[in-house]
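Biologist: I am new to this structure. Could you walk me through it, one question at a time?

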Amino acid sequence: MGTMKIKTTINGKKVEAEVEPRKLLVHFLREDLNLTGTHVGCDTSNCGACTVLVNGKAVKSCTMLAVQANGKEIVTIEGLSKNDELGPLQKAFLEKHGLQCGYCTSGMILTSFWLLKKNRNPSEEEIRKGLSGNLCRCTGYQSIVESVKYGAELMKEKEEEREVAVR
Amino acid sequence: MSTLNWGERELAYDVSGFVSGKGHFVDDIKLPGMLHMTVLRSPYARARIVSLKGGMSSKDLKARMASVGEGASSEAGLSIEPVFATEFVNYVGEPVAAVFAEDRYKSADLLESIEVDYEPMKPVVTIDDALSMGPIHLGRKNNIMAETIKGADFKDPDSPIVIEDTLENERISANPIEPRGIVASFSEGMLNVWISTQAVHSIKEGLVESLRNSELLIHVMQTDTGGGFGSKGGLYPEYVIAAFASMKFGKPVKWIETRREHLSSTHPGRGMRGKVKLFAEKDGKITGLRGEVMIDAGAYDSGIASFSPGFVAMQMTGPYFIESAQVRGKALFTNKVPQGPYRGAGRPEASFLIERMVDMLADELKMDPADLRLMNMSEKPFTSPMGLKIDGARPFFESAVKELGYMTEVKNSKGVGLSFFVLVPAVYPGESARIIIRDGRVRVWLGGNSHGQGHEVFVKKLVNEELGVPERLVTLYRGDTGMTKTGVGSWGSRSAIVGGAAIVAVCRKIKEDVVKIHGRYSTESLLSGSYDEFINNELKMPLNSFGANLATVEIGKMGNVRIKKCVAFYDVGRALNPDMVIGQIQGGMAQGIGQTLHEGLFYNDEGQLITSSISDAGVPLAEDLPNFTVKIAENRSSLPHGAKGLGESPTIGVPTALIRAIEKASGKRLRRTPVTPEELIS
């Protein structure tokens, strides 16, 4: 089968690759780039374990072909921590026990990240609705909701710090 | 990520890695020359294989599945599942052949190279079919896989109230978010296996037995395991095929389950119909119970299919003191995937039967359901007619009625439900543990393997308590048959009990070793030396954990159920880590709601699985669920570390409280899970 050349930015790095046109973005990330933090949990785009950010927006990477990532900016879970320092949502999920088995976690965090970009102060109902494309079988979601709330606080603090630093 | 580079850090349980994508799941493994395996599965519930060409099949590997793990069957017979279907296929999703290629896309393409001709036959789909139709297996007289009676026969009590009903639980898929998967790599005479599992020793034992190769050198290592809930405790045909293929090709072989395969071919739980007759006095005293439990066991004696009816029957008197009881159990063959354990594995089914009946008796007598339950409790320990040892339950449940806020709720709500239960965890036969002390660090392995429960948290705590070593110097590694000679598994609410007891025992052995050398124990002398101890810590004693739940609901015009409150009050023994305990309970409560309102695996008359996605299967979403209220009581068990079981408490207690609340709110008598909106407004 022939291949196509794509140019994309992944976690801030420019990536050029030859891919089969039928290859899903999730398999390109996991198998060609070894970014194994993005997971596959279903075949029907219900579970959201494969969620990544495409041009800033949460997308299920099993619903997109790798070739469709051409010219786009992708962020995976590996891209949320800088120099091994965890981002605010990652810290929040750990501290509030927003995970048990850890398999849905990457997708949960990326969807929450997008949710908080759109809405800095989501209500509990808005968080639960916002996470309806991501399934967790372990936690019952309560600790995930608490993690997102706490993550929102940590993100605000971080922005305030940055503002102070700029001033 | 190549497993060849997995060092000590990569082999430890480490929750913190998951938030930055640094897990070590089985599908993350890449090995040089690795082949991807794809399985061709039966599209029919029942058919004769007329011809089969291409791929690897029973012509290459004519073997039968070993029965290992939770509820393993001891009777070998005609009904053991073949690794590859031989002359007949008996369920949609049964492995028929397998193909291998260097990537998953090419491997899937190769499915087209296999040609199979089937001659479809009329399938046995339901419990009624199984009772009325001829046997699905040649050489059997009927569709009864296993039959049992629990409790002695008794003369019907001379009681004025007799109620009788039939109740059902639909089959449920465990649906961990990580599906099943394995990498098998045979090289230099050794079969290395990496697998998503609850029990590495079951996998080892099962592969050796199924491959009929007792000389096989085999090393089974657990990868990070993304949930299991019972479904990853035992052996499956794909594991045997992958191991065989790796030995045949001399290359590593990877198989990763798709979600559709999980729904069709991973052992689902529940699938129970029970008839119960309850005898009672006018004041509410229950004088006798007769029951019949039938299990929709599937096509083969795998999973817990033949163990189920007796296990449900054993527990059917719940926490109540009922003088006379007898229950008959049958596991029935159907042309469906074999039944297996799912969080509770018989406990929720038994509780569903007794709790529904007690609620019906309360209605019959116009008594308050809490009062009726309490009056059938014992202050003192007793042995049930089925032989279960039950602690004195009444004091706990009297406090539960208060803790749950039941009295206030009854006054304020028309849709309120209450449930009581006793959880009997799987203590027998104990668990193994190994500790190695070297370079000032404590390295720990357990025979039963965490799949999201966070065993490392209690292990660190107990090692700290026993040996005085700071928690940061203690590491628990994932399951590894190279590090523990024997082991059992993680299921049946057992790990903190039996794993914890094994840790305490092995720590005490090491302490003795230190005393022998130094005359007295100190953490400093421990950490400056080298020690290595393994223990197979046998435990047989029966344990009880009591629990109670409350639910309140409203029903919308379209029959949609809105859960207002979902409250638990459980005796968890000593909570080794209260945050983890509460997290376990919340997650189980979500699954209890799932069973009651959303979840099921549905088949049509032809035995075709019509549940085609994880959403169809009803795994609840965040917006489907309420905030849970969890209260715990800490009455220590008799074990040195005081733990009791809790993982299955919520899947036992939530469905029964919730269905009662829905019954009260809707005014409809409810007899099965899942409850559908249609039946509430019809």
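Modeller: Here is a short conversation about the two chains and how they fit together.

Modeller: This is a predicted model, in which local features need pLDDT of at least 70, side-chain atom pairs count only at pLDDT 80 or more, and totals for chains, interfaces and linings use all residues. Residues are numbered from 1 along each chain as its sequence is written, while chains are lettered from A and ligands numbered from 1 in the order in which they are written.

Biologist: What is the mean pLDDT of chain B?
Modeller: pLDDT is the predictor's confidence in each residue, from 0 to 100. In chain B, 99% of the residues reach 70 or more. The model as a whole scores ipTM 0.97 and pTM 0.97. For chain B, the mean pLDDT is 96.

Biologist: Why is chain B said to be as compact as a globular protein of its length?
Modeller: Chain B comes to 17 helices and 26 strands, counted as DSSP runs (helices H or I, at least four residues; strands E, at least two) numbered from the N terminus. The globule rule is 2.2 Å times the number of residues to the power 0.38, and the radius of gyration is taken over C-alpha atoms. For 682 residues the rule gives 26 Å, so chain B is as compact as a globular protein of that length, with a close value of 25 Å.

Biologist: Which helix of chain B gives the most to the largest nonpolar core?
Modeller: Such a core is a set of buried Ala, Val, Leu, Ile, Met, Phe, Trp, Tyr and Cys residues joined through C-beta atoms within 7 Å; buried means 20 or more other C-beta atoms within 10 Å of a residue's own, exposed 12 or fewer, and partly exposed in between, with C-beta atoms placed from the backbone. The largest core has 264 residues, and B:Met37 and B:Ala242 are among those with the most contacts inside it. With twelve residues, the helix that gives the most to this core is α13 (residues 495–518).

Biologist: Is B:Ala45 buried or exposed?
Modeller: B:Ala45 sits in the loop between β1 (35–41) and β2 (47–53) of chain B. Leaving aside residues up to four places away in sequence, B:Ala45 touches residues including B:Tyr91, B:Asn335 and B:Gln608, where contact means C-beta atoms, placed from the backbone, within 7 Å. Because B:Ala45 has 29 C-beta neighbours inside 10 Å, this residue counts as buried.

Biologist: How many residues does domain 3 of chain B give to its contact with domain 2?
Modeller: The bounds, from an automatic or database domain assignment, are 269–424 + 542–681 for domain 2 and 431–537 for domain 3. Taken over C-alpha atoms, their centres are 35 Å apart. Domain 2 brings 17 residues to the contact, and domain 3 brings 15.

Biologist: What pattern does chain A follow along its sequence?
Modeller: Chain A has five helices and five strands. Buried residues account for 53% of its 167 residues. Read along the sequence, the pattern is β-β-α-β-β-β-α-α-α-α.

Biologist: How many charged residues are on the side of chain A that touches chain B?
Modeller: Chain A gives 44 residues to the contact and chain B gives 43. In chain A, α2 (88–95), α3 (105–118), α4 (124–130) and α5 (142–166) each supply at least two residues of that side. Ala, Val, Leu, Ile, Met, Phe, Trp, Tyr, Cys and Pro count as nonpolar, Asp, Glu, Lys and Arg as charged, and the others, Gly among them, as polar. By class, the side of chain A has 18 nonpolar and 19 polar residues, and the charged ones number seven.

Terms used
Two residues are in contact if their C-beta atoms, placed from the backbone, lie within 7 Å.
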